[in-house]
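Please look over the chain shown below, with attention to its overall form, its surface and its cysteines. The briefing that follows takes these topics in turn.

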Amino acid sequence: MDIEQIVQELKKKFAQPLPEFYRRRIVVWYDADREFENDVDGLSLDAVRVIKLTGSNNFEVKKIIAVDDTEGDILLYNPIAYERPDDNWLMDVELYSEEFRADMVSIWMEELHIEDSPNLREIVKRYRKFFAAKERRERVSRLKVKLNSPGQIILAIIAALGNMDSCNAKNIFRKVLIAGLDTKNNSFYADLVKFGAEADFARIANGAGYGETDMDLRHLATQLLLTAASHVLRAENMAGLEQYISEAHQQLCHEIVTEWMHSDDVDSLKDIAFEIEKDVQLTEVLRKLDINDLQRVECLPCVNEVVLGKLMADIADSNIDSELIRRTVEARRTLTWFDEWEPMYEALFQVANMQDFYMAHCSDGFHVVEPKAIWEAYTSEYYKMDACYRQFMASYAKYSYNAELDDLFKRVATLVENLYKNWFLGELGTNWSNSAAEQLQKLGYIDGIERQSDFYDRYVAPAKNRVFVIVSDALRYGVATSLEESLKKEALCQVKLHSMQAVFPTITKFGMAALLPHKKLSVELKGNDKTERLVVLADGMATDAGNREAVLKATNPKSVAIKASEFKSLKREELTPRLNGMDVVYIYHDTIDEAGHKGDVFTACDTAVREIMDLMKRVINMFRAPNVYVTADHGFLYTRDALTEDEKVDKTTDSSQDIEYGRRYAIMQKGSTPEYLMPVKFLYNDEMDAFAPRENTRIKMRGNDGNFVHGGISLQEMVVPVVECYFLRGDNKELLQNRSKYETKPVTIGLLSTGRKVSNLIFNLDFFQETLVSDNREKAEYQVYFTDEIGNKICEPRRIIADKKTEEDKQKPFKIRFNLKQGKYSNTDVYYLVIADDSGLEINKISFQIDIPFATDDFNFFA
């Protein structure tokens, strides 16, 4: 404002009506910068006495106001700023007077609610260029922070320049570094320089341990990241990097990086960390360390690569420490950036499981004499090796290429392949083939084991209610155990898993026919294609896909067959008329077999389980059918690697004797004697003989070597699941009496550590899983953290994944490291350990005392 504008504003002010109970108006004109000191001497306002404070006339002025002139209006010009209120003789007058300011600094300070003190005015004056723009002042206002100290004003200015939502000093580091590590081309830092804030930013950086004279943002980022890492890694483990580490600032740097990791900007931190790791060749330093030293290091993304590399190298050298692998996976799976490495960790976890299986069975092998005993051992224990291999390969298929680990991971996959194919399939297959050979030759099946051809009579025909049967092509027994587990957790039902032996050959047309009602199965020749020459008949009726409904209706007219894809896609009003009134509904599902011939069978297994679950939910929701069975036509053999020539056999018979054959079976004219195949009695035509390769071998054929095969007599092909489900409705007596038995709940955790006093910012607590993951207790994830008495978090939440399934694992506690934020903690206040579920819902709250003698208040960068 110029003096004329000021005069007009003052006249308006004095012309306003007096407040209630006031007899006159005193206006104090503050002008700490003395911009208008000379103009005041000649200032004239109608009926207003103008008094100018000089610094030596305080007593005289106070006497005028309080004694000599108690009725007239007064304009008191005050160019003096006091450091302490006690030095101001006219404080009482100022308190009941009105104030007026004409300089821009005062106007800005008033607009932003900044107290007009000399030290705060000095900061605003220094940043006059910044405050000159209304838009920048509005940014400061939006921060909604009290600007009651020089440091707070500076932080607000820098935050406003970065368009930040808060003026947290720790977040300022993040914002500046995200803009780029090249100091000369960092737009945020350029704005700091433009508005004269680079020196204050340097003070902030110095407060975090940055000691360089000239600002180098790349060096600053390196110092922050490595000092944060040194908070977890011991100093001796970071030899050669000492120049980047400030031990005195470990806590602060750890908080800066930890908050960054748990923010929406986490991806930018990863990008910056990759650059820093490359600059200082950090992986070379970390590779020298023991895995146990690296397990809980979170802020360095390259640690995952180092840890996985070390584990893989040991595995590739056949030095497999399954306990170390499990401990490492458990430690790292709750940390930032685990998700992108999860396929590798999960694959190694399965290696540990396979190694334990091997150690448990390698000494005595699978040398059981009775085939029924081997069958029972497979359905209770041995199938788990198939499941581990399946899960390893499914994880291996999800792995994204990594140049550093690719060769090692391939070596691990080769070891897994050898262990599974050569040891497990080889030894188990040999023992099974030898044990079952006699009965298969004489009977065509194993005596004493439930047979697939009896399925309809055993399960469907006796049912008193409507029955739904889901037939999933190639649903192997081990995959069905996953389905059983899911059903027990997700549905109110009684679930039983049985096994039955598939008919030979274990291929679709024979298995599908065996599941239909019949008194006798037979075959007839049709066509000349020796890989698909036989037609299977049930009581003389064709059993191909298009005729299965007719076979069902021949036994029970109230039967229907439908494809799973059709059952899923049809609307309720389209599906209901077709199924209403039907006693028997067969739903045919084909995800595994279809994918298997395309090479993606193990991923398809997981997909199949989800699809079958969805089918069953639709059955229950739409038709309220209590009885649902899930079964299969056959299982399958699968190995990742192509078979060598030594793993294939020749029929050694003249082709004129062949009727039909595949890689795992051969049906020939009566009297054929192939040299390398074992005989299996063919039950469907007395003029034909059947044969199968032993163990894991295949019959030599043109074309693909057949990684995915079925048709033979291996346990993986012959053991067919029957998942029997009886769904319980709300009024079911069994459900009403035993609801807790069927309702699924998450497993719970508790605090194992007994102490309730914290005496350091960094400390560990042990937690335990109270119940095992079982039929109706499912895996759960929890957050644990500390809060003050009013609920403010005083540390970053830590995750616990409670998924222990055995008593042995249950005895191992979850060791959680907490890092309290820097601050003053009172030993008389109450603090709480909070256990919350994954959604944040508080489950439990345990009171603690925090007594840290030398803890200081939050970081003050401008002390």
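In this predicted model, the chain holds 34 helices and 31 strands. Its radius of gyration is 40 Å, whereas the globule rule gives 29 Å for 863 residues, and the chain is therefore more spread out than a compact globule.

**Overall form and contacts**
- Taken along the principal axes, the box that the C-alpha atoms of the chain fill is roughly 135 × 65 × 55 Å.
- Among the contacts in the chain with a separation of 6 or more, 71% are between residues that lie 24 or more positions apart.

**Burial and surface**
- Of the 863 residues in the chain, 55% are buried, which here means a relative accessible area under 20%.
- The chain has an accessible surface of about 39500 Å², and carbon and sulfur atoms contribute 46% of that area.

**Charge**
- Side chains counted as negative number 141 and those counted as positive number 110, with the centres of the two sets lying 4 Å apart.

**Cysteines**
- The count of disulfides comes to 0, on the rule that the two cysteine sulfur atoms must be within 2.5 Å.
- Cys388 is in no disulfide, since the nearest cysteine sulfur, which belongs to Cys605, is 14 Å away, and the rule asks for a pair within 2.5 Å.
- Cys388 has a relative accessible area of 11% and is therefore buried, as the cut-off for buried is under 20%.
- Cys725, with a relative accessibility of 2%, also counts as buried.

Definitions and conventions: Residues are numbered from 1 along each chain as its sequence is written. This is a predicted model: local features need pLDDT of at least 70, side-chain atom pairs count only at pLDDT 80 or more; totals for chains, interfaces and linings use all residues. Side-chain values use heavy atoms; hydrogens and water are left out. Helices (H or I, at least four residues) and strands (E, at least two) are DSSP runs, numbered from the N terminus. The radius of gyration is taken over C-alpha atoms; the globule rule is 2.2 Å times the number of residues to the power 0.38. Buried means under 20% relative accessible area, exposed over 50%, partly exposed in between (1.4 Å probe, protein chains only). Contact means heavy atoms within 4.5 Å. Accessible areas come from the Shrake-Rupley method with a 1.4 Å probe; for residues, only the protein chains shown count as cover. Lys and Arg count as positive and Asp and Glu as negative; His and the chain ends are not counted. The place of a charge is taken as NZ of Lys, CZ of Arg, CG of Asp or CD of Glu.
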